[in-house]
Amino acid sequence: MGIYKIIIFSLVFLINIDARPISYSGGTTIMYKSDSMSNSFYAHYSPTYKYSIGIENVDDKFFNESYNYLRLTYLLNRKNTNISQRNLYFQSGISVNNTNNIFYGIHGDWETRRWFTGFGYKYVENSFGRDFKDRFIQLGVAPYLGEYGDLHTWVMLKSKTNSLTNNRSTYPELKFFKGNTLLEFGYSDKTEWDLHFMYRF
Amino acid sequence: MKKILLTLLLASPLICAEQDNLDMHDHSHEGHLHDTMVDGKNLNVDPDRFDKFMEELTDVKIAIVSVKGMVCDFCARGIEKTFLKDKSVKKIDVDLANGKVIIAYLKSKNINSDEIEKKILSNGQNMSDLQVLEV
């Protein structure tokens, strides 16, 4: 199989997730996400490892609007063991353009070097009179265990629903990261292309 | 009402973050080799990895830190960055497979267990053990 076929094959089975929504103390993260519902650029800063604050510019394709969220993500609970880490996060945002646009929710994950599970729930209120819920669950496995500094890869299965579009889609995904950079992208016949780029410094 | 709650939630971490910062480490100091010289035979680290790390290093103190929760490369980035800000750190190695961080300090450095523990915690992980070796 040629390299282009491998790349295309990989693209078909990818989708975005919010990986590590809080950085280490003093860390700054920039993200770009694009899917069938919106494009967004999000920058956040973590004063401590327990929370991050940031601003997100959203180009909402569904409502054909653009707005900015002031966002907070807070680590509600973390359990570290020798082989795993478990996290539970609260996430929220309020639009600086229209304070009727808000969202809040939780998401959690548990991972070892080999296995990953995650879930998320997000409720979005808006001034368009069309509040909606986003939910997902996720399972993943690392096909190989790289050393520190190597290119790391995750093969995942994700199921997500959006009450606004009544779409439920379940499909495989891949995630790559190396150093300070994370890249996810994918395609589903229901949600079409997803892209997620993240850089941390 | 929801806006008020959101505003409070936005503000609350700014108030309580620092006091919470030390809440989450769960390791006991009992039975650990804190600030202890060891003879090299009982080092809790991969010997080949350690030998490679020590190449071209002389007159240093080595801290071998066992870390809980260091499950991915992305998680460990902050540990490396945090320690490299310390000018007394000459070299650092992250061993994801064994959950170890090896740090080479200048020999004049007084290695402090609490200082290392706080740096690990500032990245969101917990130190579970520390061994110190003078070379």
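This briefing walks through a two-chain model, from each chain to the interface and then to a few single residues. It is a predicted model, in which local features need pLDDT of at least 70, side-chain atom pairs count only at pLDDT 80 or more, and totals for chains, interfaces and linings use all residues. Residues are numbered from 1 along each chain as its sequence is written, chains are lettered from A in the order in which they are written, and side-chain values use heavy atoms, with hydrogens and water left out.

In brief, chain A has 1 helix and 12 strands, while chain B has 4 helices and 4 strands. Between them the two chains bury about 3,700 Å², and the structure holds 1 disulfide over all chains.

**Chain A**

- Reading along the sequence, you meet the helix and then the strands: α-β-β-β-β-β-β-β-β-β-β-β-β. Helices (H or I, at least four residues) and strands (E, at least two) are DSSP runs, numbered from the N terminus.
- Of the 201 residues here, 51% count as buried. Buried means under 20% relative accessible area, exposed means over 50%, and partly exposed is in between (1.4 Å probe, protein chains only).
- Take the contacts in chain A between residues at least 6 apart in sequence: 42% of them join residues at least 24 apart. Contact means heavy atoms within 4.5 Å.

**Chain B**

- From the N terminus on, helices and strands are mixed, in the order α-α-β-α-β-β-α-β.
- Chain B has 135 residues, and buried ones make up 56% of them.
- For contacts in chain B between residues at least 6 apart in sequence, 71% link residues at least 24 apart.

**Helix 3 of chain B and the disulfide**

- Helix 3 covers residues 73-84, so 12 residues, and reaches 16 Å from its first C-alpha to its last, close to the 16 Å expected at 1.5 Å a residue. That expected span is 1.5 Å times one less than the number of residues.
- This helix is mostly covered, with 9 of its 12 residues buried. Among them are Phe74(B), Ile79(B) and Phe83(B), along with Asp73(B) and Arg77(B).
- Cys75(B), another buried residue of helix 3, is joined to Cys72(B) by a disulfide, with the sulfurs 2.3 Å apart. The cut-off for a disulfide is a pair of cysteine sulfur atoms within 2.5 Å.
- The link of Cys72(B) and Cys75(B) is right-handed, with 100° about the S-S bond.
- Both ends are tucked away: Cys72(B) is buried at 7% relative accessible area, and Cys75(B) is buried at 5%.

**Where the chains meet**

- On the chain A side, 47 residues are in contact with 37 residues of chain B.
- Of the area buried between the chains, 60% is on carbon and sulfur atoms. Buried area is the accessible area (1.4 Å probe) that two parts lose on being put together, summed over both.
- In chain A, Tyr24(A), Tyr49(A) and Tyr148(A) lose the most area to chain B, together 22% of what that side buries.
- The interface has 1 salt bridge, a side-chain nitrogen of Lys or Arg within 4 Å of a carboxyl oxygen of Asp or Glu. Glu147(A) forms it with Arg49(B), with the closest N and O atoms 3.0 Å apart.
- There are also 12 residue pairs in polar contact across the interface, both residues at pLDDT 80 or more. A polar contact is a pair of N or O atoms within 3.5 Å; within protein, one must be able to donate a hydrogen and the other to accept it, and residues adjacent in sequence count only if both atoms are side-chain atoms.
- Strand 4 (65-80) of chain A is one of the strands that each supply at least two residues of the side touching chain B. Strand 4 gives the largest share of that side, 8 residues.

**Three residues of chain A**

- Arg71(A) sits in strand 4 and is buried at 7% relative accessibility. Its side chain makes a polar contact with the side chain of Glu56(A) at 2.9 Å.
- Asn126(A) is in the loop between strand 7 (115-125) and strand 8 (132-141), and counts as buried at 11%. The side chain of Asn126(A) reaches the backbone oxygen of Arg130(A) at 3.0 Å.
- Thr161(A) is found in strand 9 (residues 152-162) and is buried at 13%. Leaving aside neighbours within four places in sequence, Thr161(A) has contacts including Lys133(A) and Asn167(A).
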